[in-house]
Amino acid sequence: MLLKDKVVIITGATSGIGRGCAEVFGREGAKVVITGRDLRRMEEVKKALDHQGTDHLGLIMDAGREDDNKRMVEEVIDKFGRIDILINNAG
């Protein structure tokens with residue numbers, strides 16, 4: 001596993017390229033943080049990550065809002081203790 005225990009944040013991860021990145025990073029052993037604005041799609045991605053055994057955190061947020069980004073960083077640090085990789089895919 002190339003990314004074992006690395007912590008990756010992927011904004012805009014509830015569809016398309018972001019979702020694909022989340023699934024690949026998870027398969028490679030990363031702890032995956034997915035963000036997006038659509039709760040229904042978030043739940044679908046979380047189920048897919050659960051199915052493949054990926055340790056993950058899903059956050060409903062708008063990457064264009066400073067307060068949402070601050071909250072995201074705080075929640076990721078609280079859960080995983082660090083951030084290793086950021087994929088700014090939103091928008």
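**Surface and size**

I looked up the surface first: the protein exposes about 5300 Å², and carbon and sulfur atoms supply 49% of that area. I note here that the model is predicted. I then looked up burial and found that buried residues make up 35% of the 91 residues.

I checked the outer dimensions next. Taken along the principal axes, the C-alpha atoms fill a box of roughly 35 × 25 × 20 Å.

**Elements**

I counted 3 helices and 4 strands in the protein. Read from the N terminus on, the elements run β-α-β-α-β-α-β. The radius of gyration is 12 Å, close to the 12 Å that the globule rule gives for 91 residues, so the protein is as compact as a globular protein of that length.

I also looked at how far apart in sequence the contacting residues are. Of the contacts with a separation of 6 or more, 61% come from residues 24 or more positions apart.

**The sheet**

In what order do the 4 strands stand in the sheet? I read it as β3-β2-β1-β4, in an open sheet with parallel pairing. The edge strands are β3, residues 56-60, and β4, residues 85-88, and each of them pairs on one side only. Neighbouring strands of this sheet are turned by 15 degrees against each other on average, direction ignored.

**Strand β1**

I took β1, residues 7-11, and followed its pairing to both neighbours. On one side, 4 bridges join β1 to β2, and the two run parallel. Val-8 has Val-32 as its bridge partner in β2, and Ile-10 has Ile-34 there. β1 is also joined to β4 by 4 bridges, again in parallel. In that pairing I found Thr-11 with Asn-88 of β4 as its bridge partner.

Are the residues of β1 buried or exposed? I found 5 of the 5 buried, so the strand is largely enclosed by the rest of the structure. Both of its faces are covered. Val-7, Ile-9 and Thr-11 lie on one side, Val-8 and Ile-10 on the other, and all are buried.

**Strand β2**

I moved on to β2, residues 31-36, which pairs with β3 in the parallel sense over 5 bridges. Val-32, already noted as the partner of Val-8, stands opposite His-56 in β3. Further along, Thr-35 stands opposite Leu-59 in β3.

I checked burial here as well. In β2, 5 of the 6 residues are buried, so this strand too is largely enclosed by the rest of the structure.

**Helices between strands**

I traced the path from β1 to β2 through helix α1, residues 16-27, and these three elements make a right-handed β-α-β unit. I did the same for β2, α2 and β3, and they also make a right-handed β-α-β unit.

Where does helix α2 lie? I found α2, residues 39-51, across β2 and β3. Its direction is at about 175 degrees to β3. Angles here run from 0 to 180 degrees between N-to-C directions, so I read this value as the helix running nearly opposite to the strand.

**Gln-52**

I stopped at Gln-52, which is found in the loop between α2 and β3. What does Gln-52 touch, not counting residues up to four places away in sequence? I listed Ala-22, Glu-23, Gly-26 and Arg-27. Glu-23 is 29 residues apart from Gln-52 along the chain, and their C-alpha atoms are separated by 8.3 Å.

I then looked up the exposure of Gln-52 and found 29% relative accessibility. Buried means under 20% and exposed means over 50%, so Gln-52 counts as partly exposed.

**Asp-5**

My last entry is on Asp-5, in the segment before β1. I looked up its backbone and found phi near 65 degrees, a positive value in a residue other than glycine. The relative accessible area of Asp-5 is 33%, so this residue is partly exposed by the cut-offs I used for Gln-52.

Notes:
Residues are numbered from 1 along each chain as its sequence is written. This is a predicted model: local features need pLDDT of at least 70, side-chain atom pairs count only at pLDDT 80 or more; totals for chains, interfaces and linings use all residues. Side-chain values use heavy atoms; hydrogens and water are left out. Two strands pair if DSSP finds at least two bridges between them. Contact means heavy atoms within 4.5 Å. The radius of gyration is taken over C-alpha atoms; the globule rule is 2.2 Å times the number of residues to the power 0.38. Buried means under 20% relative accessible area, exposed over 50%, partly exposed in between (1.4 Å probe, protein chains only). Accessible areas come from the Shrake-Rupley method with a 1.4 Å probe; for residues, only the protein chains shown count as cover. A crossover is right-handed if, with the strands pointing away from the viewer, the path from the first strand over the helix to the second runs clockwise.
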